[in-house]
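Hi everyone, thanks for making time. I'd like to walk you through a protein model today, starting with the whole thing and then going down to single residues.

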Amino acid sequence: MRQFFQRPFFSNPRTVLALWLLLALAAALAKIARHNNNFLIFRGVFWHTLQQTSLYAEYPAEYFDTNFYGPFFSLVIAPFAVVPEWLGLWMWLTALSLFLFAAIRQLPVRQGIQIATLWFCAHELLTSLFMAQFNIAIVAGIILTFVCLQRERDFWAAFWLMLGTFVKLYGIVGLAFFFFSKHKGRFIASLLFWAVVMFAAPMLISSPEYIISQYGEWYQSLTAKNAQNIFSGGQNISLLGMARKISGCASYSDLWLILPGMALLGLPFLRWKQFRHLPFQLTIVASVLMFTVLFSTGSESSTYIIAFVGVALWYWVAPWSRSRWDIALMIFAFILTSMSPSDLFPAYIRKTWVQPYALKALPIAIIWLRLIWELCRKDYADITSEKNA
């Protein structure tokens, strides 16, 4: 696998950048030719904010389903909502691709690891692009939160964390990197600053009373959505969903899985002496990315771009040679997690087993548990400057 990515054509950043831009164009053309419901919902957030109508009501004349993003998203989507629909969609998908591409290129690892990650995640990117999902920006924001903390730019780390939080809540997982900050007081102050700014900013195109009311509606819509997701075929494609759909049991609380999951996520932080090793920190990032998807009832197929970047980091940043079992897990994840929604995957297996039982989550869950074991047991100190410099 390493030799493949070291070939001149595949190791050139321009090659993979061109691929990612082509994927955005292909997804835009496919949605323009048919229906781009998600993007219509996103555009509606901006226009409904201007009109000061509910962001979370149904608008069957405009689109089906409802919005689940926060009021601040009205400003994020604004540049893409004021142009013609077809142009806005293409610009939106291109911006998402470029954003994640740039974030991965900012990771403090050698270029070969960056390029391998971009190639490995390309198909999962396409899956998310077809849904025009903000999840692509979520993973980019989580990465940049870590990168900025690692560079001691706590003010901007807080910006990326709050951006993801005020749009889709997922960004809050960036708080797991708090212990990597060398200026914790500054980081906390920056979080408070950006929280106030992003809470109030949508008032510039509406009114304070309206925005405050919409935050209340946002909470209500997310609560209702969580209840709907439990046995949804297209939602809850997570470890939570896999356990519930395989068992067929609706009577227990997800907290029976979430709380142990949080304990496992936090367990490696007890190894504070490992914090000074960059590979350890990067593997924590990988753990957080996978955890975000595995323990959310809102996870859907297009959400897995978040977890898949984590899988790539887990594999390539380790300061030891990966075993054949690790390689097998990567192949397993690529086939079952990334390829299962595509037409290249056997339709019978997808419709009979993968979709009904949320098996897309299975490889990620196995890799995450192995990652936690490594974080708790392995020494990340024996790394050469050539590996991750």
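I'll begin with the overall build, then turn to the core, two helices, and a handful of individual residues.

Okay, first things first: what you see here is a predicted model. So how many helices and strands are there in the protein? The count is 20 helices and 0 strands. The radius of gyration is 20 Å, close to the 21 Å that the globule rule gives for 389 residues, so the protein is as compact as a globular protein of that length. If you'd like the dimensions, the C-alpha trace spans about 60 × 55 × 50 Å along its principal axes.

Now, inside versus outside. Buried residues make up 56% of the 389 residues. The accessible surface comes to about 17,000 Å², and carbon and sulfur atoms account for 67% of that. And here's something about how the chain meets itself: take the contacts with a separation of 6 or more, and 75% of them are between residues 24 or more positions apart.

Let's go to the core. The largest nonpolar core has 135 residues. Which of them touch the most other members? Those are Trp92, Leu93, Leu100, Phe177 and Met290. Let me pick Trp92 and show you its surroundings. Leaving aside neighbours within four places in sequence, Trp92 is in contact with Phe39, Phe42, Phe73, Val76, Ile77, Phe80, Ala132 and Phe134.

Leu100 from that core list comes back when we look at Leu125. Leu125 sits in helix α8, residues 122-130, and it is buried, with a relative accessible area of 0%. Again skipping neighbours within four places, Leu125 is in contact with Trp20, Leu23, Ser97, Leu100, Ile136 and Ile305. For a sense of distance, the C-alpha atoms of Leu125 and Leu40 are separated by 20 Å, and these two residues are 85 residues apart along the chain.

Next, two helices. Helix α10 runs over residues 154-168, which is 15 residues. From its first C-alpha to its last, α10 reaches 21 Å, close to the 21 Å expected at 1.5 Å a residue. Why do I call α10 largely enclosed by the rest of the structure? Because 13 of its 15 residues are buried. Right after α10 comes Leu169, whose phi is positive, near 70°.

Helix α15 has 17 residues and reaches 24 Å from first C-alpha to last, close to the 24 Å expected at 1.5 Å a residue. Is α15 mostly covered or uncovered? Mostly covered: 17 of its 17 residues are buried.

Following α15, in the loop between α15 (278-294) and α16 (304-316), we find Ser302. With a relative accessible area of 2%, Ser302 is buried, because buried means under 20%. Not counting residues up to four places away in sequence, Ser302 touches Thr127, Ser128, Met131, Gln133 and Asn135.

There's another serine I want to show you, Ser340, in the loop between α17 (324-338) and α18 (347-354). Ser340 is buried as well, with a relative accessible area of 2%. What lies 2.5 Å from a polar atom of its side chain? That's the backbone oxygen of Leu336. Beyond residues up to four places away, Ser340 touches Ile335, Phe345, Arg350, Val354 and Lys360.

Let's come back to phi for a moment. Most residues other than glycine have a negative phi. With that in mind, have a look at the loop between α4 (37-51) and α5 (73-81), where Gln52 is found. Gln52 has a positive phi of about 55° although it is not a glycine. It is partly exposed, with a relative accessible area of 37%. Asp65 lies in the loop between α4 and α5 too. Asp65 has a positive phi of about 70°, and it isn't a glycine either. At 42% relative accessibility, Asp65 counts as partly exposed.

Last stop, Gly112. Where is it? Gly112 is in helix α7, residues 111-120. This glycine is partly exposed, with a relative accessible area of 33%. Gly112 and Met162 are 50 residues apart along the chain, and their C-alpha atoms are separated by 30 Å.

That's my tour, and I'm happy to go back to any part of it.

Terms used. Residues are numbered from 1 along each chain as its sequence is written. This is a predicted model: local features need pLDDT of at least 70, side-chain atom pairs count only at pLDDT 80 or more; totals for chains, interfaces and linings use all residues. Side-chain values use heavy atoms; hydrogens and water are left out. Helices (H or I, at least four residues) and strands (E, at least two) are DSSP runs, numbered from the N terminus. Buried means under 20% relative accessible area, exposed over 50%, partly exposed in between (1.4 Å probe, protein chains only). A polar contact is a pair of N or O atoms within 3.5 Å; within protein, one must be able to donate a hydrogen and the other to accept it, and residues adjacent in sequence count only if both atoms are side-chain atoms. Contact means heavy atoms within 4.5 Å. A nonpolar core is a set of buried Ala, Val, Leu, Ile, Met, Phe, Trp, Tyr and Cys residues joined through side-chain atoms within 4.5 Å. The radius of gyration is taken over C-alpha atoms; the globule rule is 2.2 Å times the number of residues to the power 0.38. Accessible areas come from the Shrake-Rupley method with a 1.4 Å probe; for residues, only the protein chains shown count as cover. The expected span of a helix is 1.5 Å times one less than its number of residues.
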